[in-house]
Every structure is written in structure tokens, then in C-alpha cells.
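Student: Please take me on a close look at one part of this model. I would like to see what packs around it, and then how the rest of the chain is put together.

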Amino acid sequence: MSNFYETMLNNNLGRSLLKNVGLPTPIELKRYNTSQETYFEGKVLIGSSENAGLLDDVLRNLKDCKATVYFPAAARTAAGIVAAAKKAGVKAIGIECKKGMREKFDALVFDASGFEDGHDLNQLYYFFNPVMRQINSNGRVIVLGRPHLKAKSGEQAAAMRALEGFTRSVAKEIGKKSATAQSIYVEEGADANLDSAFRFVISAKSAYMDGQVLHVGKADVVGYPDWHKPLAGKVALVTGAARGIGESIARTLARDGAKVIGLDIPPAEKDLSRVMAEIGGDILLGDISSAEAPQMISDKLKELGGGDLIVHNAGITRDKTLANMPEHWWDMTININLCAEENINNALLKDGTINEGASIVCVSSMNGIAGQLGQTNYAASKAGVIGYVQYMADELAKKKITINAVAPGFIETQMTDAIPFMTREVGRRLNSLSQGGKPVDVAETIAFFGNPASSGVSGNVVRICGQSLVGA
Ligand code: NAD
């Protein structure tokens, strides 16, 4: 948040002034800090469909944090929730859910995995309608289902896909409280792979992720590591690590226990050295689009026993409308933002310098999804990254490697600070949370993808944009 806006928000006169000129007055997002004892602390209301398949896994996860679990006592499925809670060793408290009730919740979780067809959707209404006003600020709504393309019938596919539209709309309704809503689709048989996605989404680490969909598939189950040091013993490469989002990714991965190799171009050496010295990381200097970069990276990873997390963050913009764009701007943008990543991955795979169980994360962009005036080159490169990730997920699964993309929206960096005041204010407020994100929000998502327990999370494209109103 800009200092000016923050100052205005932090005094009553300022807040009413901003409200009167039509600018939203957002509630500050509660982000992760190392003093938080566990991944979630607060009151959770659980609901479920008939034949819900994920309740055991949800409750098993809630046992590991400081959740107080409630369920609607009058729900048809109450007995199933009680039984699952008992199995997980969680105390579940039945509560009368009705308009005007006093209890407030930090999370509402609904397991819709048993939905058969559109008629079942009214169960969403019965669960959420009485409690929509009971969500605390910075609260979470999580709806779980099964992937619609693997449904048993067209009717079931419709009911599953409906969860996405429902959750995205809920996100828009609760965003003013800085509360978020996401859906998680868990493939049949992948229930034990749910943990990392569930813990990330319910935690403060996902503060700026909103209205998103995560897919969890079948993979070797890796027990959840230490919440504060999930990357202990891992080697991570971060390109473009000297500043901006890349710097934050490097710091976050190091905070989580990884040994970081930061790569950037030679003119950025001073900044890169400073950042790497602060986090005990190693330095690689070079242009990722050069012919020698893939081998240089592969050799460095070999020295450290192979890479466990490869983060393709380095990227450039060279904006002009297509009619005015010089050819070399087009080529440079596509080469750095897209082709370099492919060449590097190919070299690491060929040399075996990317370890089994590793993760590749590519930084895409909201503009790659929505398109942007003056960014045909940039949007093509960033949309290309999405296609690459979605295609490669199956290929890499054979090698037990995951690949995912994060698509940032308006992220507060030195670059966005330089945008003229009014344009910047509009850019940062046009989302459900009415505020810009921070580089750390992108970094947390990358750390989640790189978490060894995220072995079933591959082929995902997650926007970190506070549910921007711009774009698809
Ligand atoms: P930035 O310009 O602040 O940092 C990019 C870093 O990459 C720099 O340190 C730069 O030196 C390095 N780099 C550029 N070309 C390189 C090359 N050929 N070889 C090696 N290093 C190179 O940008 P940022 O805002 O931190 O963005 C990081 C990534 O996030 C980019 O891929 C960008 O497209 C994407 N992104 C940013 C935003 C945003 O709001 N800032 C939004 C969407 C996507």
C-alpha cells in the first residue's frame, strides 16, 4: 500500500474522505509470520454433502492445528461429520445455524464431493445462507469437490463445475472483509494428497489468493513437513532473484529452509550479492536466454546434488502496440519469458540435475490470461507459459516432478510505485480485496508448489491477484 493511502486509511478522517470519493477502504490482509504457532487458529464451521469423501481428510488436517470445529447440528449430514470427527480425534461442536446467531467463524469449509447432480446444489444454499454474515475478517471459505471431467455423468459434472462459479461469487461477496474463497478439486483416490493444498488455502500464507481453483491429483503421498521449514534440505534455483518478486521468492524459500541459488544478469550483480549474502544463497550470473545459460545452471545444480525447486521468475516487458513494436522487442520478450525456461528445463532433465520429487514453477501473469493493450509479445509469452505447464504436467508426472504456474496480478513493487497516482489507485483496487498484493504473496504460492507434500499438485495455474476484476 502506498504511504499516502496507508496514512489516510489509518485515521478516521482519512477513511471517511476516501469512502466519500468512492475509493474502497480495505482491511489489511493478515499474512504469515513466523510467530504464528501453526497454520490455522480459529473457529471452523464444517458442512458436507451426503456421501462426502473428503471429510476424514479435512478433519485429519484440522486436528494438526488450533481449530475449534463446529457443524450445523440440524444438518442431514450431521451424523457423518460427528463420525468423521470422532475418527480423526477432533472434538466437533454442534451449533444451531440461523440468521442472527452470535457465533462468528474464521473458516467455512464445505465438502461437496458427494454431489450427484444439480439438485444437490441447494445444499450449498442451506449451509452458507445462514452463516454468510458470520465470517470474520481475513476469514476463509473452502469448497471441496471432485474434478468435473472425471465425473460419472453429465449431471454430476455440472454439479462439480458449479462449485467453481459458486465459490468465485462468494469470494466477491466477502472480499470487503479481506476474507477469501477457493475451491479445491480432489481426484478420486488422491484424498491423502489433500494436505498441502488445504493447509495453504486455510492459512495466512494464501492471503492474496482469491476466487481460485486448485486441482489435486494422485501421486506418492509425502507427509506434511514442518510448517515453518517445509523446504529444509532442498535446493532451489530462482531466476531474476536480484530484486522485485524474485528477491522475495528467494527470501521466502530461504526462510522455509531451502538453499537458494539466485540467478540474475551481470548488471544486477551488486543487488544479487547483497540478497544472497543475507540469506546464505549462492550466486549465478548470466542471461537466461543465452546459449550457455542452461549448461551453467545444470552444472551448478549438479555441484549441490541436484535441484528440488526450479523457479522461472526472470521476465521482462517491452510494451508497444503491435503496429509500433520493433521486431527485436518481440523476439527478446518471447525468448526470455518463454523459450529460455523451456531450454533450461530440457537441459536439467537431460542431465538429470533436477531431482525426483522436484517442482518447477513458472511465473506467468494475469495479462497472459486476460491480454493487455501494448503487450501482445508479453501476453503471448505468459500465456505460452500456461500452455507449457498444462502440457508438461503429465509428461513430468512420469518422473515424479510437478510443474505449476503462478499468475500475479497487481503486485506492489518499485515498478508499480512509479505508475501515476490515479492509475495506480485504480489498478490496485480493482479486485475483490480492494488492495494490491505484495511480492511475498507470489512467493508464498511458489513455496506451496515447492512443498514436498504438494506432490499431487501439478498442472495448476493460480492467479495471485486478489480476484482481479480484470480478465477471465
Ligand atoms: P523486475 O523487473 O523487478 O525483476 C525481474 C528480474 O529479472 C530483474 O532482477 C532482472 O534483472 C531479471 N532478469 C530480466 N531478464 C533477465 C535475463 N534475461 N536473465 C536473467 N535475469 C533476468 O520484475 P518483477 O516485477 O519482480 O517481475 C518478476 C516476474 O513476475 C516477471 O516474470 C514478471 O513478468 C512477472 N509479473 C510481475 C507482475 C508485477 O506486478 N510486478 C505482475 C505479473 C507478472
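## A close look

Tutor: Happy to! Let us begin with Met160, which is in contact with Ala112, Ser113, Phe115, Gly145, Arg146, His148 and Tyr185 once neighbours within four places in sequence are left aside; contact here means heavy atoms within 4.5 Å. The model is a predicted one, in which local features need pLDDT of at least 70 and side-chain atom pairs count only at pLDDT 80 or more, while totals for chains, interfaces and linings use all residues. Residues are numbered from 1 along each chain as its sequence is written, and side-chain values use heavy atoms, with hydrogens and water left out.

Met160 belongs to helix α6; helices (H or I, at least four residues) and strands (E, at least two) are DSSP runs numbered from the N terminus. With a relative accessible area of 1%, Met160 is buried. Buried means under 20% relative accessible area, exposed means over 50%, and partly exposed is in between, using a 1.4 Å probe and protein chains only. Lys150, ten residues from Met160 in sequence, is 9.9 Å from it in space, C-alpha to C-alpha.

Follow the chain on from α6 (154-174) and you reach the loop that leads to β6 (180-186), where Ser178 sits. Its phi is near 60 degrees, a positive value in a residue other than glycine. Most residues other than glycine have a negative phi. Ser178 also counts as buried, at 0% relative accessibility. Asn138 is worth a look beside it: its phi is likewise positive, near 60 degrees, and it is not a glycine. Asn138, however, is placed in strand β5 (residues 135-145), and is buried with a relative accessible area of 17%.

Now turn to helix α4 (residues 78-88), whose buried residues are Ala78, Ile81, Ala84, Ala85 and Ala88. Seen down the axis of α4, these fall within an arc of 130 degrees, so they line one face of the helix; the arc is that of the directions from the helix axis to the C-beta atoms. An α-helix has 3.6 residues a turn, so residues three or four places apart point the same way. Ala79, Lys86 and Lys87 are exposed on the other side of α4. The cover over the buried residues of α4 includes β1 (41-48), α3 (55-63), β2 (66-72) and β3 (92-95). Gly89 follows α4, with a positive phi near 75 degrees.

Phe71 lets you see this packing from the strand side, since it lies in β2. Its contacts beyond four places in sequence are Leu45, Ile46, Ala78, Ile81, Val82, Ala92, Ile93, Gly94 and Ile95. Among those partners, Ala78 and Ile81 are buried residues of α4. Phe71 is itself buried, at a relative accessible area of 7%. For a sense of distance, Gly352 is 281 residues from Phe71 along the chain, and their C-alpha atoms are separated by 49 Å.

Two alanines give further views of buried helix positions. Ala197, in helix α7 (residues 195-202), is buried with a relative accessible area of 0%. Beyond residues up to four places away, Ala197 touches Ile184, Leu214, Val216 and Phe448. Ala447, found in helix α16 (residues 439-450), counts as buried at 4% relative accessibility. Counted in the same manner, Ala447 touches Thr252, Leu253 and Asp256, and its C-alpha is 16 Å from that of Gly437, ten residues away in sequence.

Finally, step back to the whole chain, which has 16 helices and 14 strands. Its radius of gyration is 22 Å, close to the 23 Å that the globule rule gives for 472 residues, so it is as compact as a globular protein of that length. That radius is taken over C-alpha atoms, and the rule is 2.2 Å times the number of residues to the power 0.38. Along its principal axes the C-alpha trace spans about 65 × 55 × 45 Å. Buried residues make up 56% of the 472, and among contacts with a separation of 6 or more, 75% join residues 24 or more positions apart.
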